[in-house]
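Please look through the sequence and the structure shown below before reading on. The report that follows takes up one helix, then a group of annotated positions, then one charged residue.

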Amino acid sequence: MEFSVKNGSVEKQRTACVVVGVYESRRLSAAAEQLDQLSEGYLSGLLRRGYLEGKAGQTLLLHSVPNVLADRVLLVGCGKERELNERQYKQIIQKSVQVLQETGSMEAVSFLTELHVKGRSTYWNVRFAIEAIHESLYAYNDFKSIKPEVRRELKKMVFNVANRKELAEAERAVEQGKAVACGVNFAKNVANCPPNVCNPAYLAELAKGLAKEYSTIKTTIIDEKIMAKEGMNAYLAVSRGSHNEAFMSIIEYKNHPDKNAKPIVLVGKGLTFDSGGISIKPAESMDEMKYDMGGAASVYGTMKAIAEMNLPLNVIGVLAGCENMADGNAYRPGDILTTMSGLTVEVLNTDAEGRLVLCDTLTYVERFEPELVIDIATLTGACMIALGSHNSGLMSTHNPLAHELLNAAEQADDKAWRLPLGEEYQEQLKSNFADLANIGGRLGGAITAGQFLSNFTKKYHWAHLDIAGTAWKSGVTKGATGRPVPLLTQFLINRVEG
């Protein structure tokens, strides 16, 4: 879809549809008030007769409104004016787009970006609108033989800004909103892809595709032979039971004015399918274990977004591709693995495999002498129990980095919550036979997983995002969310603009 911004009066809009807001109780927004005056009270007359209350999400589509140049006027309920927040605003935007799609408007001018959203600017109103529209229109139909048909698709959306001085910021919001939404969609597409197609080799091909598309990107693929030479025995142990070979994809984005600037490294867990191995998972909902590569998908989407924006940074994205299956060659509970760092790990549960792949990957990236490292992983069901599907779990050994990430999460409305780390949690990882156990018991499972990873991050500033509850939705709306691409992208934007 094409997006643009302009500063114009509502009465001069020659378009298929003008979209304006109505608050509770039947209070017109500024743009709607102008249309009402132009139409000699036509809108307010309808509201007095009870056609619309103004509750959030209500809509009323009007044709041939007196004295109005636009073919249609869409009134959208916006709830209580002083209580409009990001979540409600996005829902209002999505509802308006749904109606526009259903009624055959191929273009529209929206004045909803002029609404007052608590604590947000015009920039955020425009950017959130673009992200919400992409979310609303997203569908993964690659494997459907009969594609859904849209008779007259909405192709152009213009956002009006009330103040001409805000046009430059609004245009920046369009550019960045489109890039973030593109990254989210790419992450969703990869995560939604079935595991018989999306395996570690498939992730590697996608990574190589970025290098072909952008001159700022170089991709290197690390196969199992190289991993063996590097001593990445924990990573390889997880892959051992699978017919599909493991591949680690290194995506280097170099665009910093200082060519010697240290890179920011993003590491994504890429378990393209996780059966649990010998500690096999329950059969119910095991199909959703294709989403265990949500961390790698989000890194891939973030690299796409920053390349689209051409951010002046050095960033390395790592897709730690692997598959955890159960066969006669699979690793076992009781095995002791020597990691790339030299630390030994006693395997107590083969379903705690993500941390074994990540611990070697986190050691591998030391060679890049990173400014900081963030790993992103669908790591623990315990994080879902703790935070539900709303907040990603954040752990870090570096307070300033944690605060930067929390700030970016708040800005991007891609929420995260910090969980603690510490020596007391390290106690739970003690083993009678090795340096570490790969699980720390039922209590504090998300935290002990993060604590385990912290043992392999001593040489740089590090943060861990557990996205087990936020990377996908179950049930009727089953599918990838593309999170935390908005959070990560905002963190990198802030690094440029801060």
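## A buried helix and an annotated site

The buried residues of helix α14 are Gly445, Ala446, Ile447, Thr448, Ala449, Gly450, Gln451, Phe452, Leu453 and Ser454, where buried stands for under 20% relative accessible area, exposed for over 50% and partly exposed for what lies in between, with a 1.4 Å probe and protein chains only. Because 10 of the 10 residues of α14 (residues 445–454) are buried, this helix is largely enclosed by the rest of the structure. Helices (H or I, at least four residues) and strands (E, at least two) are DSSP runs numbered from the N terminus.

The model is predicted, so local features need pLDDT of at least 70 and side-chain atom pairs count only at pLDDT 80 or more, while totals for chains, interfaces and linings use all residues. Residues are numbered from 1 along each chain as its sequence is written, and side-chain values use heavy atoms, with hydrogens and water left out.

The unreviewed UniProt entry places the feature "binding site" at Lys269, Asp274, Asp292 and Glu353. Although these residues are spread over 85 residues of sequence, they cluster in space, with a largest C-alpha distance of 11.4 Å. Such annotations may be inferred rather than shown by experiment.

Two of these positions can be set side by side.

| Residue | Location | Relative accessible area |
|---|---|---|
| Asp274 | strand β10 (residues 264–274) | 2%, buried |
| Asp292 | loop between β10 and α9 (294–309) | 4%, buried |

Leaving aside neighbours within four places in sequence, Asp274 is in contact (heavy atoms within 4.5 Å) with Lys281, Met289, Asp292, Asn324, Asp351 and Glu353. With the same kind of neighbours, up to four places away, not counted, Asp292 touches Lys269, Gly270, Leu271, Asp274, Glu353 and Thr378. A polar atom of the Asp274 side chain also lies 2.9 Å from the backbone nitrogen of Gly276.

Which residue in helix α10 (residues 354–364) is considered next? Arg355 is found there, and Arg355 is buried yet has no salt bridge (a side-chain nitrogen of Lys or Arg within 4 Å of a carboxyl oxygen of Asp or Glu), since the nearest side chain of opposite charge, Asp466, is 7.3 Å away. A polar atom of the Arg355 side chain lies 2.8 Å from the backbone oxygen of Asn438. Apart from neighbours within four places in sequence, Arg355 is in contact with Leu379, Thr380, Asn438, Ile439, Ala449, Phe452 and Leu453, and the buried residues of α14 include Ala449, Phe452 and Leu453.

Definitions and conventions
Polar contact = N/O pair within 3.5 Å; in protein donor to acceptor, adjacent residues only side chain to side chain. Lys, Arg positive; Asp, Glu negative; His and termini not counted.
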